[in-house]
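Visitor: Could you take me through one part of this structure slowly, and then show me how the rest of the chain is built around it? I am in my first year, so plain words would help.

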Amino acid sequence: MKLDTSYLGLKLRNPLVASAGPMTQTADRIARLAEAGVGAVVLPSLFEEQIRAEADRDERLAEAGTDSFGEAMTYLIDPDASIWPRRYLSLIERAAGSGVPVIASLNGSTPGGWTDYARAMQDAGAAAIELNIYYLPSDVLIPGRDAEQRYVDILTTVKAVVSIPVAVKLNPYFSSLGEMAVRLDRAGADGLVLFNRFMQTDINPQTLTVSAGFELSSPAEATLGRSWIARLRGHMHASLAASTGVETADDIAAYLLAGADVVMTTSSLLRHGPAHVTVLLDGLRAWMERKGFGSTDEVRGMFAAAANASQSYFGRVGYLSAIERATRTYAPQ
Ligand SMILES: Cc1cc2nc3c(=O)[nH]c(=O)nc-3n(C[C@H](O)[C@H](O)[C@H](O)COP(=O)(O)O)c2cc1C
């Protein structure tokens, strides 16, 4: 049974990737994921703000002079910061010893000097960079084209400073997601990750407070990414990674059938721990055996749409039949 897979031009032993999140935040946890059999890991994102803050701090320390160094450090270092840039580089170095490819992640929303950090990540041993472009156009008058251009600009800025592959992790909130994906592909993205999950703030009417909403995903959320992967597969040179809603081996199988090169998971690893990697991979092997597949290459894209497939198949036909089915199932008396 051949599970090996190519993603971003990297050879992985199988298509299961631990996506960015707390499970990949320490070298110990990464070692456990590697032992359980994961194909690759994506480190949690280093934020544009963290890189800028560290650069500012260095500058202020330099201005403060060596005599006041100790005092300045106590004022300027935020002990609660999750992964500061230098610690991040050391995490890459240690994680690279785990034996699986380590993908570093940068989260930003503006093209700027901070993107040079991608180069430091490469030098520390990252096999690839994942760009988690978290841009919420909160200016309500910003034209869609300008908002989209940021994604392309950030990608090209990062591509200019590294020689390792670069993937872009997308959200589904574009007017024409397909065209956005094709633009990123043409701009040199080596892979697209579909989709990120936004943690949006919400209002609690009982406590009269605003809080950051947070819940792990459920398999029902995978359908959006799956249908876009199936739709995009025939149009992309870039690799496609699925992210969101993996809980069982069947969820992985369905993403591969849609055309994903790799399938990522965070929520299931947080729920069940690193050993769940083995459960998922054993389940995938058992499913392939039952269905008579000898390799993931035979599975991949079996249900992807042909590049010239009719729009209606993936659009209105599915929508109308879903409404009919729901009406039959929940028919009001
Ligand atoms: C606690 C937590 C932290 C996360 N941190 C990051 C991050 O730093 N960078 C990133 O790109 N995605 C991050 N994610 C998103 C995951 O990588 C993943 O895309 C998302 O959770 C959907 O996948 P899932 O359904 O397998 O959880 C985080 C998710 C969770 C739950």
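**A close look at Arg119**

Guide: Let's start with one residue: Arg119 lies in helix H5, which covers residues 117-124. Please keep in mind that this is a predicted model. Is Arg119 buried, exposed or something in between? Its relative accessibility is 39%. Buried means under 20% and exposed means over 50%, so Arg119 counts as partly exposed.

Now look at what Arg119 touches. Setting aside neighbours within four places in sequence, Arg119 is in contact with Val161 and Val162. Ala95 makes a useful second landmark: Ala95 and Arg119 are 24 residues apart along the chain, and their C-alpha atoms are separated by 17 Å.

From here we can turn to the inside of the chain. In soluble globular proteins, nonpolar side chains tend to be buried together. In this model, the largest nonpolar core has 79 residues, and Met121, Leu184 and Leu192 touch the most other members. Take Leu192 as an example: beyond its neighbours within four places in sequence, Leu192 is in contact with residues including Val168, Leu170, Leu184, Met236 and Leu240. There is also a second, separate core of 14 residues, with Leu12, Val42, Ala167 and Ala241 among them.

A helix to compare with your picture of the inside is H9, residues 249-258. How many of the ten residues of H9 are buried? Eight of them are, so H9 is largely enclosed by the rest of the structure. Among the buried ones are Asp251, Ile252, Tyr255 and Leu257. What do these buried residues of H9 pack against? Their partners include strand S3 (16-18), helix H8 (222-232), strand S11 (239-243) and helix H11 (276-291). Just after H9 comes Gly259, with a positive phi of about 125°.

Finally, step back to the whole chain. Its secondary structure comes to 14 helices and twelve strands. The radius of gyration is 21 Å, close to the 20 Å that the globule rule gives for 333 residues, so the chain is as compact as a globular protein of that length. Of those 333 residues, 48% count as buried. Among contacts with a separation of 6 or more, 70% join residues 24 or more positions apart. As for the outside, the accessible surface comes to about 16600 Å², and 54% of it belongs to carbon and sulfur atoms. The chain carries 30 positive and 37 negative charges, whose mean positions are 8 Å apart.

Technical notes
Residues are numbered from 1 along each chain as its sequence is written. This is a predicted model: local features need pLDDT of at least 70, side-chain atom pairs count only at pLDDT 80 or more; totals for chains, interfaces and linings use all residues. Side-chain values use heavy atoms; hydrogens and water are left out. A nonpolar core is a set of buried Ala, Val, Leu, Ile, Met, Phe, Trp, Tyr and Cys residues joined through side-chain atoms within 4.5 Å. Buried means under 20% relative accessible area, exposed over 50%, partly exposed in between (1.4 Å probe, protein chains only). Contact means heavy atoms within 4.5 Å. Helices (H or I, at least four residues) and strands (E, at least two) are DSSP runs, numbered from the N terminus. The radius of gyration is taken over C-alpha atoms; the globule rule is 2.2 Å times the number of residues to the power 0.38. Accessible areas come from the Shrake-Rupley method with a 1.4 Å probe; for residues, only the protein chains shown count as cover. Lys and Arg count as positive and Asp and Glu as negative; His and the chain ends are not counted. The place of a charge is taken as NZ of Lys, CZ of Arg, CG of Asp or CD of Glu.
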